[in-house]
Amino acid sequence: MTADAGGLDSIPGRRAFERKNLAIEALAIKPVIDKVFGFDEVPRAFGHLEKGPFGKIVISTT
């Protein structure tokens with residue numbers, strides 16, 4: 001993948017990434033987590049995902 005001047009293959013620069021992270025922290029933005037599945041429940045997680053969950057699906061490895 002190569003960076004270009006704003007096309008679909010562009011990779012944001014480090015400064016943009018850092019600014020985004022600062023904004024997320026400053027605004028206390030938290031992801032919406034729909035459900036947490038254990039690692040052994042991955043097939044169930046995919047089944048849940050197919051139903052169209054509202055938020056993020058998390059696979060826990062602990």
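This is a short tour of one small set of features: the fold, two salt bridges and a surface patch.

Right, let's start. Keep in mind that this is a predicted model.

First, the overall layout. The protein has 2 helices and 2 strands. Along the sequence, they come in the order α-β-α-β.

Now, how much is hidden inside? Of the 62 residues, 8% are buried. The exposed area is about 5600 Å². Carbon and sulfur atoms provide 61% of that area.

What about contacts along the chain? Take the contacts between residues at least 6 apart in sequence. Of those, 9% join residues at least 24 apart.

Next, charges. How many salt bridges does the whole structure hold? The search finds 2.

One pairs Glu-18 with Arg-14. Their closest N and O atoms are 3.0 Å apart. Both residues sit in helix H1, 4 residues apart, which is about one turn of the helix. Arg-14 is exposed, at 68% relative accessible area. Glu-18 is partly exposed, at 38%.

The other pairs Arg-44 with Glu-41. Here the closest N and O atoms are 2.6 Å apart. Arg-44 is partly exposed at 49% relative accessibility. Glu-41 is partly exposed too, at 24%.

Last stop, the surface. Which residues make the nonpolar patch? They are Ile-24, Leu-27 and Ile-29, and the patch covers about 280 Å². Look at Ile-29. It lies in the loop between helix H1 (14-26) and strand E1 (33-38). Its relative accessible area is 46%, so Ile-29 counts as partly exposed.

That's the tour. Thanks for listening.

Conventions: Residues numbered from 1 in each chain as written. Predicted model: local features only at pLDDT ≥ 70, side-chain atom pairs only at ≥ 80, totals over all residues. Heavy atoms only, no water. Patch = residues over 30% accessible without salt bridge, like charges linked within 9 Å, V, L, I, M, F, W, Y side chains within 5 Å. Areas by Shrake-Rupley, 256 points an atom, 1.4 Å probe, with all protein chains shown as cover. Salt bridge = Lys/Arg side-chain N within 4 Å of Asp/Glu carboxyl O. Buried < 20%, exposed > 50% of the residue type's maximum accessible area, 1.4 Å probe, protein only. Contact = heavy atoms within 4.5 Å.
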